[in-house]
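Work through the exercises below with the model open. Each task is followed by a solution in steps.

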2 protein chains.
Amino acid sequence: MTVTLKEVAIRAGVSRSAVSRTFTEGASVSAKTRAKVEKAAVELGYSPNALASSLTTGRTKLIGLVSNNFHNPLFLEVFDLFTRGLQERGLRPLLVNLSAETDPANSVRMLRQYSVDGVIVASSTLPPSFAEAFRDVGIPVVHSFGRYTSSPQVHVVGIDNIACGRMAAQRLIATGSQRVAFLGGPEKATSTQDRERGFLEVMASRPDIATTVSYASAYSFDAGRVEMARLLQSTPAQAYFCGDDVLSIGALSAIRDAGLQVPEDIGVIGLNDMAMARWENINLTTIRQPIAEIIGASVDLVVGTIDQPERHPETRLFPCRIIERGTLRPLA
Amino acid sequence: MTVTLKEVAIRAGVSRSAVSRTFTEGASVSAKTRAKVEKAAVELGYSPNALASSLTTGRTKLIGLVSNNFHNPLFLEVFDLFTRGLQERGLRPLLVNLSAETDPANSVRMLRQYSVDGVIVASSTLPPSFAEAFRDVGIPVVHSFGRYTSSPQVHVVGIDNIACGRMAAQRLIATGSQRVAFLGGPEKATSTQDRERGFLEVMASRPDIATTVSYASAYSFDAGRVEMARLLQSTPAQAYFCGDDVLSIGALSAIRDAGLQVPEDIGVIGLNDMAMARWENINLTTIRQPIAEIIGASVDLVVGTIDQPERHPETRLFPCRIIERGTLRPLA
DNA sequence: AAGTAAATTGCAACCGGTTGCAAAAAGACG
DNA sequence: CGTCTTTTTGCAACCGGTTGCAATTTACTT
């Protein structure tokens with residue numbers, strides 16, 4: 001069924017090298033030979049074996065796309081953008097679903113076996129060490145949605161979560177609330193920690209405003225709803241910064257079920273601005289994370305590092321901005 | 001950086017074959033040799049090159065996962081289940097995002113270049129011919145969420161969309177509505193056509209109930225909302241069967257914005273039962289499509305066909321059932 | 001301990017390509 | 001037309017593994 005270079009060579013009456021050369025960019029072939037080869041190739045339905053050629057060229061054009069976020073709808077948008085971005089550059093995503101795994105060993109071994117040219121770790125919850133495990137074995141890697149470090153060991157692309165926390169705090173202060181709160185995702189997620197830090201940093205300057213902090217067990221609807229329901233049993237805050245949109249939507253569900261009005265009784269601001277946030281029946285005020293830019297930069301960086309392996313690790317953070325919708329009292 | 005079999009052989013003081021054999025299931029190696037090789041391998045950090053071995057074994061353990069549904073949140077669940085199902089069997093998903101492409105030629109060429117062992121086409125909107133293009137070049141293929149045919153050319157796993165249409169019609173009749181309607185997805189999607197057909201088949205037996213049909217331009221929130229808003233401008237039906245959950249949610253948004261009550265004024269039943277459907281603030285009555293079973297069967301079938309290429313194409317349809325929630329008047 | 005059967009090992013060819021090098025062909029020039 | 005360049009071509013070795021086969025070792029029998 002599979003037709004090889006040798007058969008094309010025979011049919012075209014040329015050497016195997018000639019066939020190889022007509023299919024390699026920039027190789028030296030005369031127009032006449034190329035024509036003969038191409039004719040034979042289409043007649044036989046030949047297409048070169050990318051894996052075999054990778055053996056000698058050292059390039060597979062395979063990129064490992066590693067993630068543990070298969071439950072947050074934002075990540076469907078993320079996968080869409082990544083796969084398209086990679087495909088446009090002639091690269092192929094080899095998808096790795098970590099589920100609850102946090103040890104990089106398996107992924108590293110597996111992606112090494114497949115000789116991927118590079119790896120993109122797409123996760124806001126994994127620690128920097130995860131991506132570093134790839135660098136340690138010499139695979140170009142980018143951590144997308146990862147944590148900023150002043151002396152990065154690997155490329156990191158994402159947002160300044162601390163700045164987002166500050167931005168959220170300022171926005172909540174502007175509502176005139178007397179009690180505000182941070183409702184984070186999993187306590188050990190780097191994104192949660194950073195957002196909280198920025199939030200509390202600003203709130204520290206306003207001791208007159210009561211500030212509380214709590215965590216949902218996951219970046220999920222259920223976790224947000226459960227945690228908010230718990231908060232509603234005692235005196236809740238008047239405005240919440242939720243660590244993620246889907247968490248916010250869960251929280252909103254609990255708030256409305258308790259018979260409270262949004263944003264009058266309780267206001268909510270989320271983070272991400274996933275597609276669903278602008279659905280009219282959700283209409284979530286949120287901090288927009290520019291995922292298209294983040295993903296574009298991630299792909300650029302991984303490609304750049306493949307071409308230039310000694311490149312210094314860099315951090316690219318994109319600015320976020322508040323998208324005003326209906327879940328937070330408007331500014332005066 | 002990359003350590004090869006040869007280097008392990010030298011360090012272990014054995015032949016290259018011996019090293020190869022210790023890493024191949026069921027090959028003949030003595031315990032002593034194996035121990036020497038394994039020791040050398042860990043010392044060197046060796047792991048075999050899956051691509052190189054695929055050259056001789058003819059197996060890459062790569063499975064092409066082809067889809068054009070990167071905007072329907074259901075498909076995040078689908079990708080989660082597929083990637084996990086494949087990984088559990090030691091297979092690796094090579095993801096292909098078709099975007100709006102409907103010509104299989106590119107995907108076929110690309111996946112052939114990577115010598116995938118099999119392909120899964122995950123789409124409810126692509127025609128059977130798409131998957132058949134893979135079979136035509138001898139690649140084992142399964143069309144998941146595809147259309148049933150009496151003499152299938154490729155494996156199809158999914159649901160009986162016609163039966164779902166019937167089921168929905170009967171359920172809507174049971175609400176006692178005088179006007180019911182089908183609000184489908186894209187008119188050319190096979191799933192839309194089949195669901196409509198089943199729906200109308202049942203409604204034909206009830207000429208006393210006014211039945212109408214219309215289509216949204218996509219299986220998306222916006223398309224559902226826009227189409228429902230249009231319908232609301234004249235006399236809408238009292239109960240709608242929407243071709244998909246996300247479409248239903250869009251429709252519900254339009255209905256509520258028009259100041260109408262659900263399910264009192266207008267009822268809605270969706271299809272899929274995606275995770276979001278049971279969110280308390282959505283609480284959508286819907287027809288549950290058993291995606292875990294569909295995906296499990298798809299993976300089984302593709303694996304089975306790899307082992308046994310001459311296997312006859314088969315169709316596996318899974319039963320659906322109605323999940324009663326809050327968007328349709330309960331049965332008497 | 002010799003003889004036979006079974007298990008293990010290495011050789012060498014092969015999987016489907018690529019590429020450095022030298023030979024051959026084509027083109028440029030006087 | 002002969003000479004010198006430049007381009008094109010094929011040979012052969014190689015990429016990192018696997019595997020049939022024959023030779024060697026080991027294990028069993030008696």
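A salt bridge is a side-chain nitrogen of Lys or Arg within 4 Å of a carboxyl oxygen of Asp or Glu. By this criterion the structure, which is a predicted model, holds 38 salt bridges over all chains.

**Exercise 1.** Find the distance at which the side chains of Arg84(A) and Asp80(A) meet, and explain their separation along helix α5 of chain A.

Solution.
1. The N to O distance between the side chains of Arg84(A) and Asp80(A) is 3.0 Å, and the pair forms a salt bridge.
2. Both residues sit in helix α5 (residues 74-88) of chain A.
3. Because they are four residues apart in that helix, Arg84(A) and Asp80(A) are separated by about one helical turn.

**Exercise 2.** Describe the surface near DNA strand C and name polar contacts to its bases and phosphates.

Solution.
1. There are 25 residues around DNA strand C, and Leu5(A), Arg16(A), Ser20(A), Arg21(B) and Thr33(B) come nearest.
2. By class, this surface has nine nonpolar, 13 polar and three charged residues.
3. At least two residues each come from α2 (16-22) and α4 (50-57) of chain A and from α2 (16-22) and α4 (50-57) of chain B. With five residues, α4(A) gives the most.
4. On the strand, 59% of the atoms within 4 Å of the protein belong to sugar or phosphate, and the rest to bases.
5. Two contacts reach bases: the side chain of Arg21(A) has an N or O atom 2.9 Å from a base oxygen, and that of Ser17(B) has one 3.1 Å from a base nitrogen.
6. At a phosphate oxygen, the side chain of Ser28(B) places an N or O atom 3.4 Å away.

**Exercise 3.** Identify which helix gives the most to the surface near DNA strand D, then list polar contacts to this strand.

Solution.
1. The helix is α4(B), with five residues.
2. Among the 25 residues that surround DNA strand D, the closest are Ser30(A), Thr33(A), Leu5(B), Arg16(B) and Ser20(B).
3. Phosphate oxygens of DNA strand D lie 2.9 Å from a polar side-chain atom of Ser15(A) and 2.7 Å from a polar backbone atom of Leu5(B).
4. An N or O atom in the side chain of Arg16(B) is 2.7 Å from a base nitrogen of DNA strand D.

**Exercise 4.** Describe how α6(B) packs with α7(B).

Solution.
1. Helix α6 (residues 105-113) and helix α7 (residues 128-136) of chain B pack at about 35 degrees, with axes 10 Å apart.
2. Their crossing is right-handed.
3. Ser107(B), Val108(B) and Leu111(B) of α6(B) meet Phe130(B), Ala133(B) and Phe134(B) of α7(B).
4. This contact has five nonpolar, one polar and no charged residues.

How values were computed. Residues numbered from 1 in each chain as written. Chains lettered and ligands numbered in written order. Predicted model: local features only at pLDDT ≥ 70, side-chain atom pairs only at ≥ 80, totals over all residues. Heavy atoms only, no water. Near = heavy atom within 4 Å. Polar contact = N/O pair within 3.5 Å; in protein donor to acceptor, adjacent residues only side chain to side chain. Nonpolar A, V, L, I, M, F, W, Y, C, P; charged D, E, K, R; others polar. Axes fitted to C-alpha atoms, helices over the stretch in contact; angles between N-to-C directions. Left-handed = near helix turned anticlockwise from the far one by under 90°. Contact = heavy atoms within 4.5 Å.
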